[in-house]
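Here's a chain to walk through together. Take a look at it before we start on the questions.

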Amino acid sequence: MPRSPLRPSAAIALAVLAASAATAVACRGTLSRAPEPVIHVERLPVDTIRHDTVAGDTAFPMMPAPAPARTVSSAPIRVLVAGAASSAEIVATGRWTAIGRDGSSLAAGADDAHWVVSMRGGRVRLANIDDGRASSLESPLTIRALDARSRVIANGKAYRGELLVVASGDELVVVNRLPIEEYLRGVVPLEIGERQAGERAAVEAQAIAARSYAYTHLAPSRRFDVRATVDDQVYGGAGAERPVSDAAVAATAGQVLRYAGRIADTPYHSTCGGMTAEPGEVWTGEAGAPYLRRVDDHIPGSRRAYCDISPRYDWVREMSGDAIGAAVTRYLKSRGATRAIGTARALRIESRTPSGRVGSLAIEGSEGETTLRGNAIRYALRAAGGELLNSTYFSIESSGSSVGAGGGGERGGRRRFTLRGHGYGHGIGMCQWGAIGRARAGQDAVTILQTYYPGTSVGIVQ
């Protein structure tokens, strides 16, 4: 399926890491794999976000964490945590070592605070800002803690596993390599939020969905597997871990969703607004897997939806013609266009998808017109602060005049548009707030997952 190019920072990281295939840490051949083939889905560009976390929407008191259910073997995953940086600050909670490509090394203790990693003369330079000591090692650089309970800290974030620091010209990229089960401990609480006791099933469903996504994105031909952002799954390292989500990861250890004998790729989102979407409704040119079907999220016998507890179930955004014109022009220029559209005079919904979302939106400006489709609408209609439009599930009202006395565009921005919508995110796969609502209603994790990914089953990675 055709995709847009990777964003520049990710493309730089990919090129540099690919050149380091011979290193022990980055070597793809060291990864253990599940015996069955996986569904390979190319990484999505920035304008097709797969995951929209609910963590920032609200928080609840945490329940006590039960003891882990079992331990399972876990494939390692490589997470891009910093791309194209001029330098990185390295600290640790105990003893640690840095090993260069040629085997040269530097050992440090927890009291050796504030080492800065940078590039100099094609080599990675480590400098201690406290006492002036410095060492130069050949890229790529492997940094790992020497004590089992210690963590390496890069740019203020603590990480399990080890870090790979790779040169990219005069800049650096940083990859965290660790077992998937440990990776999930830094993903689940940021994706589903801190939940209360009656919502445990939603956290377990999130853990299984996130684990399935991780396994389907282990990429033999690449030098990192996922990014630590919403482009893949939000990952905060060891500092993001919480007792409830840790317990959910442990209780579901090794469990993934399967379809037709393969691990299922599992996109998810914050709030569906009452009906989930199919990939083709949102991601241009994507047919989607058979288990990514529209799902009615309404409570049986009620007009309410399971996800109507979300703070973004209903939303309103007001924008002036000038603001829309400027936002759309920025978006189009980022995609290679050279012309501005001027002040927006009219917004027309030209089509809707089967789930009720806007399929195509025509925008008439004082200096030009354009038509946006699918998830591109969310990016083109960004708010002034950079926040995406909540969803494509909306209607439009307009007021004011867009034409001045002379017939030109009204530059005062008197034309205003009100978008009234439902939901937050792309709408495909599991609705996280719907999962929370279903957990509160007594549904277990397997029921929740099989509702949002019809035809799947839960199994163990071998």
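What follows is a set of questions and answers on the fold, two helices, a cavity and a few single residues.

User: Before we dig in, what kind of model is this, and what pLDDT do local features need?

Analyst: This is a predicted model, with totals for chains, interfaces and linings using all residues, side-chain atom pairs counting only at pLDDT 80 or more, and local features needing pLDDT of at least 70. Residues are numbered from 1 along each chain as its sequence is written, and side-chain values use heavy atoms, with hydrogens and water left out.

User: How many helices and strands are there in the chain?

Analyst: Helices (H or I, at least four residues) and strands (E, at least two) are DSSP runs, numbered from the N terminus. On that basis the chain has 10 helices and 24 strands.

User: What percentage of the residues of the chain count as buried?

Analyst: Buried means under 20% relative accessible area, exposed means over 50%, and partly exposed is in between, with a 1.4 Å probe and protein chains only. Of the 462 residues, the share that counts as buried is 56%.

User: Of the contacts with a separation of 6 or more, what share comes from residues 24 or more positions apart?

Analyst: A contact here means heavy atoms within 4.5 Å. For contacts in the chain with a separation of 6 or more, residues 24 or more positions apart account for 71%.

User: How far does helix H7 reach from its first C-alpha to its last?

Analyst: H7 covers residues 321-334, so 14 residues, and the expected span is 1.5 Å times one less than the number of residues. That comes to an expected 20 Å. The reach in the model is close to it, at 20 Å.

User: Which elements do the buried residues of H7 pack against?

Analyst: The buried set in H7 is Gly321, Ile324, Gly325, Ala327, Val328, Thr329, Tyr331 and Leu332. An α-helix has 3.6 residues a turn, so residues three or four places apart point the same way. The packing partners of the buried residues of H7 are strands S17 (314-320), S18 (344-352), S19 (358-365) and S20 (369-373), helix H8 (376-380) and strand S22 (416-422).

User: S20 turned up there, so what does Thr371 touch?

Analyst: Thr371 is found in strand S20 and counts as partly exposed at 31% relative accessibility. Its C-alpha is 6.6 Å from that of Ser360, 11 residues away in sequence. Leaving out residues up to four places away in sequence, Thr371 touches Glu350, Ser360, Leu361 and Ala362.

User: How much space lies in the largest cavity?

Analyst: A cavity is a set of points, on a 1 Å grid over the protein atoms alone, where a 1.4 Å probe fits but cannot get out. Grid points are joined across faces, edges and corners, and a volume is the space filled by probe spheres set on the points. The structure holds three cavities of 30 Å³ or more. The largest has about 50 Å³.

User: Which helices each supply at least two residues of its lining?

Analyst: Lining residues have an atom within 4 Å of a point. Of the 10 that line the largest cavity, the closest to its centre are Gly193, Glu194, Arg195, Val244 and Ser245. The helices that each supply at least two lining residues are H3 (188-192) and H5 (243-251).

User: How many residues of H5 are buried?

Analyst: The buried ones are Val244, Ser245, Asp246, Ala247, Ala248, Val249 and Ala250. Their cover includes helix H2 (180-185), H3 and helix H4 (200-216). H5 is mostly covered, and of its nine residues the buried count is seven.

User: Which backbone oxygen does the side chain of His269 reach?

Analyst: His269 lies in strand S16 and counts as buried, at 0% relative accessibility. Its C-alpha is separated by 6.3 Å from that of Met430, 161 residues apart along the chain. At 3.0 Å, the side chain of His269 reaches the backbone oxygen of Ile428.

User: Which side chain makes a polar contact with the side chain of Asp265?

Analyst: Asp265 sits in the loop between strand S15 (262-263) and strand S16 (268-269), and it counts as buried at 3% relative accessibility. A polar contact is a pair of N or O atoms within 3.5 Å; within protein, one must be able to donate a hydrogen and the other to accept it, and residues adjacent in sequence count only if both atoms are side-chain atoms. At 3.3 Å, the partner is Thr216.

User: Is Ala260 buried or exposed?

Analyst: Ala260 lies in the loop between strand S14 (255-259) and S15. Its phi is near 55°, a positive value in a residue other than glycine. At 74% relative accessibility, Ala260 counts as exposed.

Notes
On a 1 Å grid over the protein atoms alone, a cavity is a set of points where a 1.4 Å probe fits but cannot get out, and a pocket is an open set with protein on both sides within 12 Å along at least five of seven lines; lining residues have an atom within 4 Å of a point.
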